[in-house]
Amino acid sequence: MSKIVAQAAIRGAKKVALEAEDFLNKAIKEKGKEQKIGFPETAFYLPMAYALLGAEVKTLGEAVPILEHVKSLLHEEPTDKLWLPYLGNTLDSGVATLLAEEIICVLRYLYEQEPQPDCNGFFSDTILRSLGIQLVDGRMAGFAAILGAAPTNKIAVDIVREFQKRNILTFVGSSTKGRSIIDQLKEEKVEMGWDTYIVPYGRDTITAIYPLHWAIRGALTFGGHKKGEALKCLNYCKERVFAFGLTLGEIDDVKYATGAGAINMGFPIIADTDIPEIRPTGICTYEHLVKEKDYKKIVPVCIEVRGVKVKLSKIPIPVAYSAAFEGERVRKEQMYMQFGGKYTAAFEYVHMKDASEVEDGKVQMSGPEIDDVKEGDALPLGILVEVAGRKMQKDFEPILERRIHSFLNEAMGVFHMGQRDMCWLRISKDAKNKGFKIKHFGVILHARLQDIFGAVVDKVQIKITTKKDEVEKLVVDAKKVYEERDERMAGMTDESEDSFYTCTLCQSFAPNHLCIIKPERLGLCGAYSFLDAKASYELNPTGPNQPVKKGECLDPVKGEWKGINDIIYQKSNKTLEKFHGYSIITSPETSCGCFECIIAILPEANGFMIVNREYAGETPCGMNFSTLAGSVGGGAQTPGFMGVGRLYIASKKFISADGGLKRVVWMTKELKEVLGDKLKKRCEEEGDPDLINKIADETVATTSDQLMAHLQKVNHPALQLEAVM
Ligand code: SF4
Ligand code: ZN
């Protein structure tokens, strides 16, 4: 351990602590100790203080003891005599720095100085969870936090593109000599945001607390660790959050101190300057502090040091290809041409064929190519994917087909929306200039289908047409199949199958959680239906989705089976004994943190409310989504509260043991709209076609009183049901 590093980190910690103290004193003087403080949309108060010290800081006054603790962690700078080659003091400085930075940032929020222009600022709990699921399903490989500025704009762009190509989410910010990488990327017109995996946090080192905050909340949300369990939370970050820091340019004391904080969380730091390296392994999985002055090598070095596993896709197309480009839009002014949407007819259709009829890798294109149309034009488009494989099943067609969306979107400069005969695609001018052709859609689909579904498909061929009459002719057959599929799926019930599927994918985050996926109840993240789980098992027989025989039915009303109970006990590491698949009151299924919606009990209304992740407003239970989510996740059974996938709400088995849809007294307007006809149909089946209007939404009630008044007025059926608890 280098003495220079220790000295710098201790100096930096003192500086940040002093700044926090001055700012806090000023705020208390101006606004009083009772003044409320907090970050937006989080249930974790000041997350570092909450996780590491167990403190729920809600007011300026409550921040004072945190600052006292910070001061107790500050040590004297080591002298030659007093020097021990040990990280202890440096690590204390790191923790002190993180706690002090958090105070500074929350005070900046109080004074409306955060988020900084073009920056994200604090990451909400909603973002935390949606990134969590991308990490578990492999769309994201890890996280980089860049601090400073590159020597040139070009190097800055090259570095973030290298991370993008590897599906690594990059947080950019801080500055070197008054210049920030954020502005370098802005000047080069790099699209930044969650969708493109490049997220600006703030232009100073203090704001580097945001990505670190976010990591520690992963331990609380997904790891199921409690507030104050400092070591467990830090260990969780080290074991499960694949993150690292990259400093560009000179490292000042505050950067050293913040870096020491990151090292505490198990995140190594890579620098492009001459720094004393700290290579012995101990806290980090690998080295702590490493230098690499060659910018061509710096990204691979980061990945190697942190041990991030990345898969680089090699697809023979002239543009970059990675999940990081999935969220990238092609705006009108960037667009060269488009297909579908409200402009032309377009469809995509995956169809299973006999092996003798499919030639692997063949891409057949008919009709005008991109070079035959002028800028701004639209063409009709038919994409017919024909697959063959000994293990391929008709049931898998829609699963393969649904992936066309992300497969095409992941090409830089290609935009895709929708599905089936309601798709919309764009190709950018940039992509065209690089030589991208319509035919390349087929090249991408062949490569990706083989890559992801290689276990079931042996051969893939693609027919693309941009001829109007051909599209119109082919879409008729496709439509017939879309309808057949919907009917087949609708005919499947929990009773008609003798096995369900487990999903343990989220155990990398929530070690005791599992989903039981049934025909009439999909996984709570909304991403795994029964057929998805079935396909996933066929593709990867030792993977996270396993079939389980239901066995003896112990309770048909509550949804309990002997075989399912056994697997729950086993897969939950013996922490859970049973699930009632159709109840939220007795032995409800657990929630990892990825749920699309939360159902919460409202005892006064004798019913439940449902809120979806996208809704940020108030709800009649007095908590918003984020606050509710904080008490539901982590793999615990919490009667009266449960995370679910949206589509479960429109299922006949929706909390049927507790009264079903008639128990729902409130749901957001967006949910009503998204579920649309499905929900209407369910209300009719329940014998109350007007139920959908009797269920309140935020336009009628956001408080319990307003809700009760509404329920009385419309005579909501929940009021007549037996007591909910
Ligand atoms: Fe996680 Fe459940 Fe979704 Fe599987 S189905 S990914 S366990 S939330
Ligand atoms: Zn999950």
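## Confidence

In this predicted model, confidence bottoms out in helix α5 (residues 125-136), where the mean pLDDT is 75, and peaks in strand β21 (residues 560-561), at 98. There is also a stretch, residues 80-86, with pLDDT below 50. Beyond near neighbours in sequence, residues 80-86 make eight contacts in the model.

For the protein, the mean pLDDT is 90, and 95% of the residues come in at 70 or more.

## Domains 1 and 3

The domain assignment splits the protein into domain 1 (3-306), domain 2 (323-486) and domain 3 (499-720). Take domain 1 and domain 3: going by C-alpha atoms, their centres sit 36 Å apart. The contact involves 18 residues of domain 1 and 20 residues of domain 3.

Between them, domain 1 and domain 3 bury about 1,600 Å², and 64% of that area is on carbon and sulfur atoms. Charged pairing doesn't feature here: the rule finds zero salt bridges across this interface. It also finds zero residue pairs in polar contact, with both residues at pLDDT 80 or more. On the domain 1 side, the elements giving two or more residues are α5 and α9 (230-240). The largest share of that side comes from α5, with eight residues. Keep in mind that α5 is also the helix where confidence is lowest, at a mean of 75.

## Helix α17 and its surroundings

Now for helix α17 (residues 530-539). Nine of its 10 residues are buried, so the rest of the structure largely encloses it. The buried set runs Phe530, Leu531, Asp532, Ala533, Lys534, Ala535, Ser536, Glu538 and Leu539.

What do these buried residues of α17 pack against? On the helical side there are α12 (397-402), α15 (440-453) and α16 (468-490). The strands are β17 (499-503), β18 (515-517) and β19 (545-549).

## Two threonines in loops

Thr466 is found in the loop between β16 (459-465) and α16. With a relative accessible area of 3%, Thr466 is buried, as it falls under the 20% cut-off. Setting aside neighbours within four places in sequence, Thr466 is in contact with Phe339, Met365, Ser366, Gly367, Pro368, Leu379, Pro380, Leu381 and Ile438. One of these, Ile438, is 28 residues away along the chain, and its C-alpha atom is 9.1 Å from that of Thr466. Pro368 adds a polar link: its backbone oxygen lies 2.8 Å from a polar atom of the Thr466 side chain.

Thr344 sits in another loop, the one between β9 (335-340) and β10 (346-352). Its side chain reaches the backbone nitrogen of Gly340 at 2.7 Å, and a polar atom of that side chain lies 2.9 Å from the backbone oxygen of Leu379. Leaving out residues up to four places away in sequence, Thr344 touches Phe339, Ala378, Leu379 and Pro380. Phe339, Leu379 and Pro380 also turn up among the contacts of Thr466.

## Salt bridges

How many salt bridges does the structure hold? The count is 55. One of them joins the side chains of Arg108 and Glu114, at 2.9 Å from N to O. Arg108 is buried, with 9% relative accessibility, and Glu114 is buried too, at 5%.

Lys518 and Glu589 form another salt bridge through their side chains, at 2.7 Å from N to O. Lys518 lies in the loop between β18 and α17, and Glu589 in the loop between α18 (562-571) and β22 (597-602), so this pair ties together parts that are 71 residues apart in sequence. Are these two partners buried or exposed? Lys518 counts as buried at 1% relative accessibility, and Glu589 counts as buried at 6%.

The side chains of Asp183 and Arg203 also meet in a salt bridge, at 3.0 Å from N to O. Asp183 lies in helix α7 (residues 181-187) and Arg203 in the loop between β5 (198-202) and α8 (209-221), so the pair links parts 20 residues apart in sequence. Asp183 is partly exposed, with a relative accessible area of 21%. Shared partners join Asp118, Asp183, Lys186 and Arg203 into one network of salt bridges.

How values were computed
Residues numbered from 1 in each chain as written. Chains lettered and ligands numbered in written order. Heavy atoms only, no water. pLDDT = per-residue confidence, 0-100. Helix = DSSP H or I, 4+ residues; strand = E, 2+ residues; numbered from the N terminus. Contact = heavy atoms within 4.5 Å. Buried < 20%, exposed > 50% of the residue type's maximum accessible area, 1.4 Å probe, protein only. Domains from an automatic or database assignment. Buried area = accessible area lost by both parts, 1.4 Å probe. Salt bridge = Lys/Arg side-chain N within 4 Å of Asp/Glu carboxyl O. Polar contact = N/O pair within 3.5 Å; in protein donor to acceptor, adjacent residues only side chain to side chain.
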